[in-house]
Amino acid sequence: VIRLAAVDKEECESVRRELNARSAVRRDRKIFERDGKVHIPITDSVDECTAEEIGFEIVLGESPPRSHHRAPMERILHEIEIPPDLNHLLPRKWELLGKVLVLRIPRGLRKHLDEVVSVYARVLGAKTVCEEVGTISGTFRTPSLRVLKGDTTATVHRENGILFKMDVARVMFSSGNIDERKRMGDLDCSGETVVDMFAGIGYFTLPLARHAGAERVIGCEINPVAAQYLKENARLNGVEDRVLVFNGDNRNLPMGRVADRVVMGYLGTTHEHLNKAISLLKEGGIIHYHETCGTDQMPDRPVQRITEAAGKRGCEILGVREVKSYAPAVSHVVVDARIPR
Ligand SMILES: C[S@@+](CC[C@H](N)C(=O)[O-])C[C@H]1O[C@@H](n2cnc3c(N)ncnc32)[C@H](O)[C@@H]1O
């Protein structure tokens, strides 16, 4: 008999994350569902206070073991054959997009490159392995990768029931934005026209069309390669009748106040596009504005930028949230605001 957190199904993912952040989920036992509740095996460190704070009940019960389960890093360390004093150099973070693995390999591991690549590929189930050699750059957000194993960097990545087809070497995909992609999919956009000003391969367009039920999503994308994938992904996810792709600069979008909602999923110079975004919004429309912001300027700077751009049309801030940490003391934030007039 072990301790279990009993949670409603709708809450289970957020509770699991909260518990995970406190290293309180037992990895040796399975999460299971019974009597309409999800049961998460928890460690002894969780007390009643924490349970109340996060919002679940502690119950006692049995849970099948996960004896064969081993975290990937544990398996990598177990299987790799390199001098043990180099183990600390092995990458602890990576991006696995479909069957393509992207990682950074420190210089100290060069001599053992073949071994590193083959063990990571095997353990993580990747067909292609790429090394990140530079940063994501330019307006198109192009990655800088070198292929170390495999023939193709094209893949289909599945996330929250959405298929994202892409060429990992030609377009970016930030797995750190997963919660925001999910949040967009959880909105109720029935009957809405949404403009996704920086649509990429469909990061937000696809969950908005497929899960949030938007009537029409105008996905604007300046990079022809990404725009082509956006079209293909709309078809792949069965929403081609609701997704309209505009391949060009969003400042040239030819329409006026058509949008119930505008998504601005871009970083760096997003604020330069605020006037255009506001000009696309109907009265009462909502904007989801992203930017990178020093934690000391939060939430004043993004809020002020939106308020200024909205001018006489007014601006009601609905929420500010951190999408992810971007750099030390810099956050990627998203501000939701309503433009009432
Ligand atoms: C790659 S996405 C940002 C990442 C994304 N939010 C995620 O979840 O991974 C940004 C996209 O905006 C596009 N873009 C940049 N400037 C643009 C503009 N002026 N008009 C339309 N698209 C633009 C880029 O080509 C890029 O594909």
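User: Helices (H or I, at least four residues) and strands (E, at least two) are DSSP runs, numbered from the N terminus. Where, on that basis, is Pro299 found?

Analyst: Pro299 is found in the loop between S15 and helix H9 (300–310). This is a predicted model, in which local features need pLDDT of at least 70 and side-chain atom pairs count only at pLDDT 80 or more, while totals for chains, interfaces and linings use all residues. Residues are numbered from 1 along each chain as its sequence is written, and side-chain values use heavy atoms, with hydrogens and water left out.

User: Which peptide bond involving Pro299 is cis?

Analyst: The bond that joins Met298 and Pro299 is cis, with omega about -5°.

User: What makes Ser23 notable, and where is it found?

Analyst: Ser23 has a positive phi of about 50° although it is not a glycine. Ser23 is found in the loop between helix H1 (12–21) and strand S2 (32–34).

User: Why is the pair formed by Glu221 and the ligand called a polar contact?

Analyst: A polar contact is a pair of N or O atoms within 3.5 Å; within protein, one must be able to donate a hydrogen and the other to accept it, and residues adjacent in sequence count only if both atoms are side-chain atoms. A polar side-chain atom of Glu221 lies 2.6 Å from an oxygen atom of the ligand, so the pair meets the distance limit. Two further pairs involve a nitrogen atom of the ligand: a polar side-chain atom of Asp249 at 3.1 Å, and a polar backbone atom of Ile222 at 3.2 Å. The protein covers 96% of the 600 Å² of accessible area that the ligand has on its own (Shrake-Rupley method, 1.4 Å probe).

User: Which residues around the ligand come nearest?

Analyst: Asn177, Arg181, Glu221, Asp249 and Asn250 come nearest of the 21 residues around the ligand, where a residue counts as near if one of its heavy atoms lies within 4 Å.

User: How do you know that S16 and S17 pair?

Analyst: Two strands pair if DSSP finds at least two bridges between them. S16 and strand S17 (residues 330–339) have nine bridges in the antiparallel sense, so they pair. Lys324 has His332 in S17 as its bridge partner.

User: What makes S13 and S16 edge strands?

Analyst: The seven strands form an open sheet with mixed pairing, in the order S13-S12-S11-S14-S15-S17-S16. Strand S13 (243–247) and strand S16 (316–327) each pair on one side only, which makes them the edges. The twist averages 15° from one strand to the next, with axes fitted to C-alpha atoms, for helices over the stretch in contact, and angles running from 0 to 180 degrees between N-to-C directions.

User: Which strands does helix H5 lie across?

Analyst: Helix H5 (residues 178–186) lies across strand S14 (259–264), strand S15 (281–294), S16 and S17, and runs at about 150° to S16; contact here means heavy atoms within 4.5 Å. Helix H7 (residues 224–236) lies across strand S12 (216–221) and S13, at about 170° to S13.
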